[in-house]
Amino acid sequence: MTTVRIQGLGKRYGSTIALDDLDLEIGVGVTGLLGPNGAGKTTLLRCLATALAPDRGRVEAYGLDPAAAAQRTALRRRLGYLPQDPGLYPNFSAAALLDYVAVLKEMTDARRRRAEVRRVLEEVGLTDRASVKVRKLSGGMRQRLGLAQALLGEPDLLILDEPTVGLDPEQRMLFRALISRLGETRTVLLSTHQTEDVGALCERVVVMRQGRAVYDGTPRGLAEQAEGQVWLSAEAPDGNRMYWRNADGEFRTLGAQPPNGTPARPSIEDGYLMLLGPEIAAGVVAR
Amino acid sequence: MSVRWRQTLLLIGPVLRIVPWVPVAAAVLVSALALLPAVADAQAPASQVWGLRIAAVVLGAAASFAMVDPMALLSVTPTPRWLRQWLRVTVALVPAAAVWCCLYAAAASSAAPQRLPLGDLVAEAAVCALAGVVGAAVAARGGHSLTTAVAGPAAQGGLMAATLFLPASYSAWPLPGAAQWETAHDWWWAALVVLVVALVAANGEVWPWRVRRAGAGG
Amino acid sequence: MTAMLSEPAPAVTPARVATTSLALKEARLLLGTSTLWLGVGLAVALCTAWGWTTEPRWDTFTANSGMASLVLAGFLVLIGHLAASRDHRHGATDSARTLPASTRRRTVALLALIPTAAAAAALAVGAELVLLMPAWPAGAFDPWLLTAAVVIPMVGAGLGVAVGSWLPSTPSGPLTLFGVAAVLALLPVLGSSAGALSWLLFPVVIDENVAPEIPRPTGWHLVYLIALLVVVTAVAVLRYWRLVAAVAVVLAVVVAVVAVRRQQAERLPITPDTVAAYLDESAQQCEVRGSVTYCALHGYGRWISLWQGAVEPIVRALPPNVTNLPVVRQGSGPATSVVVDQHWGRHGTWARDSRLDLSAEYIRVLLDMPEQLAGKPGPGSLPERNRAVLPKGSMELSTGPRCSGAGQLRTVMALWLLAQSDTDGRALLGDREKLRFGRVDFGQAEIEAARRLLDAPRGRVEALLNEKWALLRSPAPAGDALAAFGVAELPVSSGGSACQ
């Protein structure tokens with residue numbers, strides 16, 4: 001079921017085109033956004049989160065159009081947003097900060113608010129840090145606190161901008177479990193640079209470049225973009241090729257078969273790199 | 001009680017913690033020092049008037065720092081932006097106004113009332129202080145960075161620099177009893193109205209009136 | 001056997017070279033800051049605006065330039081603060097600590113903002129002088145006051161760096177600026193005269209020079225400013241060289257105190273007796289142009305052509321046998337002189353008003369009409385329109401009772417002569433505000449009579465002047481002297497109110 005429709009979305013910052021006539025439909029489940037820096041991922045998420053007005057185009061989420069003030073407010077009641085840099089108040093305790101955000105989310109009943117704050121702290125594993133001031137939390141804990149404020153009010157639409165930054169592997173695992181569970185009944189849209197997160201979490205992935213979607217499909221489909229183009233070899237290939245050394249000491253090459261190269265099963269990362277094409281390859285080889 | 005009223009009451013406490021009070025405390029100190037000569041020498045109305053003007057500018061500069069909100073994500077909650085911004089304005093300006101009134105009372109206690117016309121001096125003080133708050137509020141529509149923080153004092157500096165271009169006979173800073181006092185304060189009251197309107201507009205939603213639809217020649 | 005291979009250590013840049021390189025970088029950053037040039041532009045605009053309506057003099061120019069430099073100094077306080085607190089913003093504190101350039105080196109490098117501020121300020125002063133052209137300041141040139149307009153922004157830059165080093169939080173810069181502005185704004189208000197301590201503490205010398213050659217301790221004022229500069233610079237580096245910086249602060253404060261005391265001691269009290277020698281005829285340089293003698297104070301020689309422009313149209317209309325024309329004198333002299341002061345309007349109506357004022361005064365003296373002062377000025381008294389600041393405030397003048405010149409021939413001729421000095425004499429006669437001759441009152445009848453004379457051929461009026469010259473310098477009624485010009489007998493004032 002489509003819950004979010006994006007039609008002809010455009011946004012420009014001066015001479016820089018951030019979103020270029022983007023069309024997208026998103027439904028319940030977890031959708032990942034991949035793309036290089038400057039592709040427009042954060043701009044898209046901010047437009048969806050109603051934090052930024054697009055220059056043109058139309059967004060509709062759960063039947064609500066944020067261009068109309070009343071519907072924008074109604075949409076904000078149903079969404080949770082974690083920006084790249086939440087800018088949390090350093091002198092507030094974790095619980096006090098969540099309480100503040102809960103009031104902003106119109107939870108004016110004290111009992112309900114306290115229960116909700118306890119619930120989200122438990123979801124992100126910060127119950128024992130409830131009274132600790134934000135400035136004393138580690139980077140990973142602040143990221144989890146940011147996620148917690150997005151979860152307040154059980155939003156239908158969750159928009160997460162690089163939510164796994166700063167999380168250690170154990171925290172990332174907990175995060176994946178949480179998002180997977182939420183994705184069963186909610187629309188979750190997250191942007192990430194971690195292709196492993198996409199593979200682990202997302203039923204659908206959209207790859208963006210220069211404000212447009214260049215791929216929209218399953219993670220397996222993205223990996224298959226590199227089918228027959230991934231090779232392993234014991235020695236470094238010669239010539240202009242994109243390759244790197246993996247943890248097993250083997251050289252993984254993308255593109256034409258190197259001498260003594262054996263085919264390898266492509267990963268999502270391989271497919272992403274093949275999709276973004278020669279410009280990335282040229283950049284890697286030049287270095 | 002409506003949701004908005006309940007929210008307003010619940011938000012006062014957190015906003016009091018969020019607003020930076022160190023600049024306000026520094027401003028109170030500077031303002032008191034500025035009035036010290038006036039209190040010491042009540043026969044010099046010039047020092048009283050200038051002390052009150054300086055106090056208004058400094059208190060307004062300190063209050064403008066309250067418009068900086070590093071938690072930009074708050075813009076996506078259902079609470080309207082105008083409510084959050086006006087709460088900040090009120091929490092910052094009410095103490096500033098109270099301090100200024102106390103300073104006026106101290107200066108006026110030893111001076112003849114006609115030397116310190118309250119209404120006109122209030123207009124001046126309100127404009128000087130609001131210029132900072134409006135500057136910061138306008139800048140806050142574009143982000144919450146260092147620029148936002150200094151936009152308030154910059155706006156005050158710009159306003160005062162503009163008045164420096166006026167010739168002496170049209171000075172914006174006459175002393176009570178000067179020939180141009182009445183005319184100058186007509187302009188001060190007009191400026192106050194303009195600033196209040198600007199503050200109302202600046203504290204509103206950051207959303208354009210109209211967004212072009214897909215396919216509409218965009 | 002194990003061979004240890006060690007790579008040669010990378011070459012270490014000498015500290016002085018590294019610091020110099022960093023200092024040059026800071027200077028370039030400042031020069032590339034648009035805010036600096038906004039401040040320079042604003043300072044130049046303010047100085048130009050303040051001096052727009054009057055012919056420039058060195059004392060007023062340096063006062064305007066100095067006040068404008070305070071505005072530039074304010075910008076530099078903010079810029080210096082932002083530069084010095086840069087390492088404490090956006091989480092840069094930790095990463096800055098790991099750099100080989102220590103905070104000491106970075107602070108020392110920031111002091112490069114001070115000479116860079118000097119360069120910007122010098123450029124501003126230069127631009128302000130250029131914008132005066134084709135005019136040029138008159139009076140005595142004081143290099144110390146001109147230098148003060150460069151030193152003041154340096155103090156602002158140093159103060160910004162000092163505050164940014166000790167208080168890097170964002171509000172500190174603007175609040176420091178406003179606090180300093182508050183103190184400066186109050187200083188002139190607290191003092192009642194130019195010699196008061198609060199005026200001497202004010203960075204700019206704003207009192208006008210009573211006479212060009214009066215000695216003023218402006219050199220000590222510059223020493224005071226330089227001492228302030230040393231104080232703020234020492235405070236900026238106090239954290240790293242405590243003893244040296246503390247000693248420098250103490251010494252600089254002592255020097256500042258000495259400089260202010262020397263200013264108080266060497267400042268000439270402005271009284272009629274003390275300034276007489278600087279305003280009397282011995283201080284004036286005279287030259288004859290046409291048939292009029294102009295005497296100007298030192299440095300005001302180029303203003304003679306301005307005065308000549310006001311006087312010559314009148315003199316050209318006089319009969320050739322008129323001699324002993326009044327001397328135009330800047331300063332004190334015999335009562336037969338026409339006194340001008342050290343103010344003259346520039347551009348548009350301001351210049352016109354100054355010309356008309358002098359023309360009217362010249363006519364008044366020429367025709368022996370009653371003057372503004374009730375009595376004659378005593379020896380060494382100041383010219384009436386010198387707006388000098390005396391102890392206890394401005395000089396009070398006795399204006400004397402007004403008298404009526406109604407019906408007198410000299411009143412009508414005075415109006416006609418005044419109309420000769422303006423490009424549109426008829427329009428001038430319609431502006432009562434501009435028609436002033438000392439304490440003389442007159443009515444519309446006299447103005448209409450002067451209009452009739454304007455309508456007549458000039459030669460006929462000049463012939464009348466020639467014929468009736470002796471009568472013109474007396475309060476005699478016009479009678480039928482103007483009948484030939486269609487002017488009926490003018491009603492005269494009766495009783496003791498008529499001008500003598």
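Here is a short chat about a predicted model.

Biologist: In the open six-stranded sheet of chain A, which strands are at the edges?

Modeller: The strand order there is S5-S6-S7-S3-S8-S9, and the pairing is mixed. An edge strand pairs on one side only, and that picks out S5 (79–82) and S9 (212–217) of chain A.

Biologist: Okay, take S5(A). What is the bridge partner of Leu82(A) in S6(A)?

Modeller: S5(A) and S6 (residues 157–161) of chain A run parallel, joined by four bridges. In S6(A), the residue bridged to Leu82(A) is Leu160(A).

Biologist: Now H5(A): is that helix largely enclosed or not, and why?

Modeller: Among its buried residues are Met141(A), Arg144(A), Leu147(A) and Leu151(A). The buried ones pack against S5, H3, H4 (110–123), S6 and H6 (169–183) of chain A. Since 10 of the 13 residues are buried, the rest of the structure leaves H5(A) largely enclosed.

Biologist: And how far apart are the end C-alpha atoms of H5(A)?

Modeller: H5(A) covers residues 139–151, 13 residues in total. At 1.5 Å a residue it should span 18 Å, and the model agrees with that, because the end C-alpha atoms are apart by 19 Å.

Biologist: Last one, the side of chain A that touches chain B: how many of its residues are nonpolar?

Modeller: On that side, 31 residues of chain A are in contact with 27 of chain B. Elements giving two or more residues to it include S1 (2–13), H2 (69–76) and H3 (94–104) of chain A. Nine of the chain A residues are polar and seven charged, while the nonpolar ones number 15.

Notes
Residues numbered from 1 in each chain as written. Chains lettered and ligands numbered in written order. Predicted model: local features only at pLDDT ≥ 70, side-chain atom pairs only at ≥ 80, totals over all residues. Pairing = 2+ DSSP bridges. Contact = placed C-beta atoms within 7 Å. Nonpolar A, V, L, I, M, F, W, Y, C, P; charged D, E, K, R; others polar. Expected span 1.5 Å × (residues − 1). Buried ≥ 20, exposed ≤ 12 C-beta atoms within 10 Å, placed from the backbone.
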